[in-house]
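Have the sequence and the coordinates open side by side. We will go through the charged pairs, then the helices, then the cores.

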Amino acid sequence: MQRAVVSYIALGSNLNNPAQQVQQALLAMDQLPETYLLAYSSLYQSAPMGPQDQPPFINAVAKIKTSLEPLELLNQLQAIENQQGRVRKEHWGARTIDLDIVLYDHTIMQTDRLTLPHYGAKERDFVLLPLAEIDPQLVFPDGESVSHALQHCERYQLEKIALSQYKPQHK
């Protein structure tokens, strides 16, 4: 068994009660073998990144400690996506849940299945703002801070939401 490392997972959903999908995924991540949920951000609503004819997304970021290797962790996260009904039809399309490994310790890697750090993390406010909320001093492996990346990223009409304010949009 390898040593435990800290990893950050981005969560996003815009189908089938997205806030509940994100919460269910957080609970499932906490049940993964050799993995502990350390913290998670508030929920944020964002405009879709891809096709605009879909509901807004609910996003969050989780901080976990895991002894799973990166590809093992990816397999486990994709199993959670499958259990929650994720169907991969359209790139950047609507989905019940999307779980992306944003950072895995300070690992830099690129395979056919996984790029670390996540290739788009520093370009998306719906990843960076929740990440900064739970770890404001976080620095990417290239030395850029989360707060610096947040100043220069694309904006997706991000809005922090309380569960009591959330009204699912049915489509």
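D142 has 55% relative accessibility, so this residue counts as exposed. This is a predicted model. The side chain of D142 meets that of K122 in a salt bridge, 2.3 Å from N to O. D142 sits in the loop between α3 and α4, and K122 in the loop between β7 and α3, so the pair ties together parts that are 20 residues apart in sequence. K122 has 25% relative accessibility and therefore counts as partly exposed. The pair is not isolated: K122, D142 and E144 are linked in a network of salt bridges.

Side chains of opposite charge can pair when their charged atoms come close. How many salt bridges does the rule give here? The count comes to five. One of them joins D105 and R3, with 3.1 Å from N to O. D105 lies in the loop between β5 and β6, while R3 lies in the segment before β1, so this bridge ties together parts that are 102 residues apart in sequence. R3 is exposed, at 56% relative accessibility. D105 is partly exposed, at 28%.

K63 and D135 form another salt bridge, their closest N and O atoms being 3.8 Å apart. K63 belongs to strand β4 and D135 to the loop between α3 (125-134) and α4 (146-151), so the pair ties together parts that are 72 residues apart in sequence. Is D135 buried or exposed? At 16% relative accessibility, D135 counts as buried.

Now turn to the helices. An α-helix has 3.6 residues a turn, so residues three or four places apart point the same way. Take α2, residues 70-83, first. Helix α2 has 14 residues and reaches 20 Å from its first C-alpha to its last, close to the 20 Å expected at 1.5 Å a residue. Its buried residues are P70, L73, L74, L77, I80 and E81. Why do they share a side of α2? They cover an arc of only 120° around the axis, which puts them on the same side of the helix. These buried residues pack against two elements early in the chain, β1 (5-13) and α1 (18-30), and also against β4 (57-66), β5 (98-104), β6 (109-110) and β7 (115-116). After α2 comes G85, with a positive phi near 85°.

Helix α1 has 13 residues. From first C-alpha to last it reaches 19 Å, close to the 18 Å expected at 1.5 Å a residue. The buried residues of α1 are P18, A19, Q21, V22, A25, L26 and M29. Down the axis of α1, they fall within an arc of 160°, so they line one face of the helix. They pack against β1, β2 (35-40), β3 (43-46), β4, α2 and β5.Both helices reach the largest nonpolar core. The elements giving two or more residues to this core are β1, α1, β4, α2 and β5. The largest share, five residues, comes from α1. This core has 26 residues, of which L11, M29, L73, L77 and I101 touch the most other members. Which residues does L77 touch, not counting those up to four places away in sequence? They are I9, M29, L32, L99 and I101. A second, separate core has 19 residues, including A121, V127, A132 and Y156.

Technical notes: Residues numbered from 1 in each chain as written. Predicted model: local features only at pLDDT ≥ 70, side-chain atom pairs only at ≥ 80, totals over all residues. Heavy atoms only, no water. Helix = DSSP H or I, 4+ residues; strand = E, 2+ residues; numbered from the N terminus. Expected span 1.5 Å × (residues − 1). Buried < 20%, exposed > 50% of the residue type's maximum accessible area, 1.4 Å probe, protein only. Arc of directions from axis to C-beta. Contact = heavy atoms within 4.5 Å. Salt bridge = Lys/Arg side-chain N within 4 Å of Asp/Glu carboxyl O. Core = buried A, V, L, I, M, F, W, Y, C linked by side-chain atoms within 4.5 Å.
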